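Hi,

Here is the structure I promised to pass on. Have a look at it first, and my notes follow underneath.

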Amino acid sequence: MARPALTRAVDTVLDRSVVLGYTTVGLAVRRALPGWPADPLPRSLEGRHVLVTGASSGLGAATVDGLAGLGAVVHMLVRDEAKGAGVADRIRAAHPGVELQLWRCDVADLDDVRRFATGFAAEVPDLHAVVHNAGVMPPERTESPQGLELSMAVHLVGPVVMTEALRGPLAAGATGGRVVLVSSGGMYGQPLRADDPGYATGDYSPTTSYARSKRWQVEMAPLLADRWSADRITVATMHPGWADTPGVRESLPTFRRITRPVLRDDAQGADTSVWLTAVEPAPPTGRFWHDRVERPTNLLPTTRASDADRARAWAWLQDAAGLDGPAAT
């Protein structure tokens, strides 16, 4: 459905204001405007398998709940199986008859990712989508078992390794598979630091590290979309706005105290992830989304990546994730 000019204008003002656009205010106004993208049809994911990482709390649990409500067979990937089981029980109670399956994996550990993906692919040969939602914000610089800075391991390299290992199941469906990477509006404030992917220089900041890794997600998405297009796999990055997630409560208490009255709940933050997974036809690949609308990837000229920086970043990602193929051009 085409969006009227007034709707586009109001939406853009909300988006650029940040405070209005990222909160419950922006979502409520957008839903009321003409041209709000339609909800997926009821039971539109009936019998389709969807994998959600970081599924034991916050946006991940809300994404599972939303997908279950559309009839999906949802595979919940968690580190804490007991916590995940509690969430699964709650969602089963809310959606009688829903099929949920619990899997354990540490997305930061590439060996564990490959172990999980091998077992998963053997059991689930036809995968509609994977929503890479798992996230971290360590208070001090931390490395993964493979020596990667932890935010980069969890938000970028682990998801790429997992998707590579699941290309077969994702390509098996009649319409191809979908990959959704949950990013953050915080990436708007950071450039692509292709010169320092491990945050090895300067004073470490948890929020900066988080935002840098989310910038990498968005910049690499078009290149990953090209790589996986031969298998008819689409890629989307999205940001949920400001949601009152466990990560915000634990890592950003001052921010939460100031903004709590207008923070989105988990379901509101997960809305676009669910929509990108279920809407037909699949949205254009390699794009960045918020509140069901494609968004620009840069708001400041200082964050625009050069072709050389993007190629350097892609070469690093290829090496870190063990990808073959030519460098980006």
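Before the details: this is a predicted model, so local features need pLDDT of at least 70 and side-chain atom pairs count only at pLDDT 80 or more, while totals for chains, interfaces and linings use all residues. Residues are numbered from 1 along each chain as its sequence is written, and side-chain values use heavy atoms, with hydrogens and water left out.

Salt bridges

Searching the whole structure turns up 29 salt bridges (a side-chain nitrogen of Lys or Arg within 4 Å of a carboxyl oxygen of Asp or Glu). R167 is a good place to start, as R167 pairs with E164 at 3.3 Å, N to O, and also with D231, where the closest N and O atoms are 2.8 Å apart. D231 sits in the loop between α8 (206-228) and β6 (234-238) and R167 in helix α7 (residues 167-171), so this pair ties together parts 64 residues apart in sequence. For the element names, helices (H or I, at least four residues) and strands (E, at least two) are DSSP runs, numbered from the N terminus. R167 counts as buried at 18% relative accessibility, whereas D231, at 22%, is partly exposed. The cut-offs there are under 20% relative accessible area for buried, over 50% for exposed and partly exposed in between, with a 1.4 Å probe and protein chains only.

R178 and E280 make another salt bridge, at 3.0 Å, N to O. That one links distant parts of the chain, 102 residues apart: R178 is in strand β5 (residues 178-182), and E280 is in the loop between α11 (266-278) and β7 (287-290). R178 is buried at 4%, while E280 is partly exposed at 45%. E280 also leads into a cis peptide bond to P281, with omega near -5°.

There is a network too: R3, D11, D15, R16, R30, R264, D291 and R295 are linked by salt bridges.

The α1/α2 pair

Some of those residues turn up again here. The axes of α1 (residues 5-17) and α2 (residues 24-32) come within 10 Å and cross at roughly 170°; axes are lines fitted to C-alpha atoms, for helices over the stretch in contact, and angles run from 0 to 180 degrees between N-to-C directions. That makes the two helices roughly antiparallel (over 145 degrees). V10, D11, L14 and D15 of α1 meet G26, V29 and R30 of α2, with contact meaning heavy atoms within 4.5 Å.

Loops worth a click

What are the phi values of D291 and R292? Phi is near 50° for D291 and near 65° for R292, positive in each case although the residue is not glycine. D291 lies in the loop between β7 and β8 (293-294), as does R292; D291 is buried at 2% and R292 at 4%.

S184, in the loop between β5 and α8, is buried at 14%. The S184 side chain reaches the backbone nitrogen of G186 at 2.9 Å. Leaving aside neighbours within four places in sequence, S184 is in contact with Y210, K214, M238 and H239. Y210 is also touched by V136, which is found in the loop between β4 (129-132) and α6 (150-165).

Cheers

Note on methods
Parallel < 35°, antiparallel > 145°, perpendicular 65-115°, else oblique. Polar contact = N/O pair within 3.5 Å; in protein donor to acceptor, adjacent residues only side chain to side chain.
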